[in-house]
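Let's work through a few short exercises on this one. Grab a viewer and try each task before reading its solution.

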Amino acid sequence: MDQGPFRSIVTTEEELRSMFGEPNQVVKHKLIHALDRHCRDFIAKSPLLFMATSDASGACDVSPRGDSAGFVHVVDDHHLVIPERPGNRRFDSFRNLLTSPGIGLIFVIPGLKETLRINGQAMLIRDEDLLEKLSAQGKKPWLGIGVTVEECYMHCAKSFMRSGVWDPNTWLPADKLPNPSRIIADHVNQEGVSEQSVAQGLQESYTKRLY
């Protein structure tokens, strides 16, 4: 791996532990291996998750998934299904899972600073009975991401507290926010692709192809 400008690098867990020590007993023992009633309740109240995958070479990707609270279906204590709604067809997460099934999930509930983390193995599924249960706005998802749960644990609130993400007083005013259409147009950098054309395409996608 190219170290770039970095020169002082931690390379072993032993070095890491010598710097910062061991986790406390609560942190050591909070991990469970099944979806208990607390995990099920958290998932039922979560409208948003972040999904981490990697390909066979280790190249990583993180992608959000969101819908009405409870959009993820818990099948049993060890399995859940995430619906795949219409997207941009890059299929970054899908292509990763086809070669490397490991998956990491962070479930978020607006206003709650703690999050639920779930790790496991995933596959792309077409089970009609499950896809029917995941229908929204009268439409079935394209596919489902079936997850075999291996680890579940609560993640502390420090990152959300530091960021102030749920505090509207920390939010930028609308005129100071990045302009996604302008960014995409500049990144595409092709004739005929303008900020206006990208904005129109995004608006059409958001209003006509959300489900």
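**Exercise 1: a strand residue and its surroundings**

Leu48 belongs to strand E1, which covers residues 48-54. Keep in mind that the model is predicted.

Task: work out whether Leu48 is buried, partly exposed or exposed, and which residues Leu48 is in contact with.

Solution: Start with the relative accessible area, which is 30% for Leu48. Buried needs under 20% and exposed needs over 50%, so Leu48 is partly exposed. Next, skip the neighbours within four places in sequence: Leu48 then touches Pro64, Arg65, Gly66, Phe71, Ile106, Phe107 and Val108. Finally, look at Pro110: 62 residues separate Leu48 from Pro110 in sequence, yet their C-alpha atoms are 8.6 Å apart.

**Exercise 2: two packed helices**

Task: find how H7 is oriented relative to H8, and which residues make the contact.

Solution: Take H7 (residues 180-188) and H8 (residues 195-208): their axes are 8 Å apart, at an angle of about 120 degrees. That angle falls outside the 65 to 115 range for roughly perpendicular and is not over 145, so H7 is oblique to H8. The crossing is right-handed. H7 contributes Ser181, Arg182, Ile184 and Ala185, while H8 brings Glu195, Val198, Ala199 and Leu202. Sort these contact residues and you get 5 nonpolar, 1 polar and 2 charged.

**Exercise 3: cysteines**

Task: how many disulfides are there?

Solution: A pair of cysteine sulfurs has to lie within 2.5 Å to count. The tally is 0 disulfides. For Cys152, the nearest cysteine sulfur is that of Cys39, 4.3 Å away. As for accessibility, Cys152 is buried at 1%, whereas Cys60 is exposed at 64%.

Conventions: Residues numbered from 1 in each chain as written. Predicted model: local features only at pLDDT ≥ 70, side-chain atom pairs only at ≥ 80, totals over all residues. Heavy atoms only, no water. Buried < 20%, exposed > 50% of the residue type's maximum accessible area, 1.4 Å probe, protein only. Axes fitted to C-alpha atoms, helices over the stretch in contact; angles between N-to-C directions. Helix = DSSP H or I, 4+ residues; strand = E, 2+ residues; numbered from the N terminus. Parallel < 35°, antiparallel > 145°, perpendicular 65-115°, else oblique. Left-handed = near helix turned anticlockwise from the far one by under 90°. Contact = heavy atoms within 4.5 Å. Nonpolar A, V, L, I, M, F, W, Y, C, P; charged D, E, K, R; others polar.
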